[in-house]
Amino acid sequence: MKIEFTVPAVPVAQPRQRHRAVSANGRTFIQNYTSRTHPIQAFKATVQMAFAHANGRLLTGPLRCEMVFVMPRPKRLVFKTREMPRAHHVSKPDVDNLAKGCIDALSGLAFSDDTQISQCLIEKWIAAGDEQPHVLIRLEEIE
C-alpha cells in the first residue's frame with residue numbers, strides 16, 4: 001500500500017533535546033524533553049492531521065519513505081521580472097533534523113515504530129515564486 005499526502009506548513013527541524021534534573025521518591029535522575037512551546041510541537045500536530053485527512057492506515061512491514069521539504073523563499077531571491085523556479089536549499093536546517101520531526105510525528109500513527117523504515121529519500125528545496133512552503137510525504141510498504 002502507498003500513502004501520499006502534503007503537509008501545508010513551513011517545515012520545522014527537530015531541535016536538540018533539553019535536560020533537567022528531577023527528584024521523585026527521594027531519587028534524582030536526568031530527564032530529556034522538548035519544550036512544549038517550541039514550534040516543532042505545532043508542526044508535528046499538522047503532520048498528524050495531514051496524515052489523518054489522507055485516510056492513512058497503520059502500515060506494516062518494511063517501509064520506503066520519501067520526503068520533499070519545500071522551504072520559504074528568502075527575500076533576497078524574490079524578483080519582480082525574473083523567473084523564480086525551485087532551487088536547492090543548502091543551508092540550515094539539516095535534512096536529517098527535518099526528517100526526524102516528521103518521522104516522530106508519524107510513529108504510532110502511520111507505522112508502529114520508526115525502525116520499520118528501511119529506505120528513505122529526503123529532498124530540501126527553496127519554494128518557487130508561486131509556491132507555498134510545504135512537505136510532501138510518501139510512505140510505501142516494500143514487498
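**Exercise 1.** Which side chain meets E140 in a salt bridge, and at what N to O distance?

*Solution.* The model is a predicted one.
Step 1. The partner of E140 is R64, with 3.2 Å from N to O. This falls within the 4 Å allowed between a side-chain nitrogen and a carboxyl oxygen.
Step 2. E140 belongs to strand β7 (residues 134-141) and R64 to strand β4 (residues 63-71), so the bridge ties together parts that are 76 residues apart in sequence.
Step 3. E140 is partly exposed, at 26% relative accessibility. R64 is also partly exposed, at 27%.

**Exercise 2.** Place the salt bridge between D104 and K100 in the chain.

*Solution.*
Step 1. The N to O distance for D104 and K100 is 3.2 Å.
Step 2. Both residues sit in helix α2 (residues 95-106); they are four residues apart, which means a separation of about one helical turn.
Step 3. D104 has 28% relative accessibility and counts as partly exposed. K100, at 37%, is partly exposed as well.

**Exercise 3.** Describe the aromatic pair in the structure and where its rings lie.

*Solution.*
Step 1. There is one aromatic pair. Its members are F5 and F51, with ring centres 5.6 Å apart and 70° between the planes.
Step 2. An angle over 60 degrees counts as edge-to-face, and the F5 and F51 pair is of this kind.
Step 3. F5 is in strand β1 (residues 2-7) and F51 in helix α1 (residues 39-53), so that distant parts of the chain, 46 residues apart, are linked.
Step 4. Both F5 and F51 are buried.

How values were computed. Residues are numbered from 1 along each chain as its sequence is written. This is a predicted model: local features need pLDDT of at least 70, side-chain atom pairs count only at pLDDT 80 or more; totals for chains, interfaces and linings use all residues. Side-chain values use heavy atoms; hydrogens and water are left out. Rings of Phe, Tyr and Trp (its six-membered ring) pair if their centres lie within 6.5 Å; planes under 30 degrees apart count as stacked, over 60 as edge-to-face and the rest as tilted. Helices (H or I, at least four residues) and strands (E, at least two) are DSSP runs, numbered from the N terminus. Buried means under 20% relative accessible area, exposed over 50%, partly exposed in between (1.4 Å probe, protein chains only).
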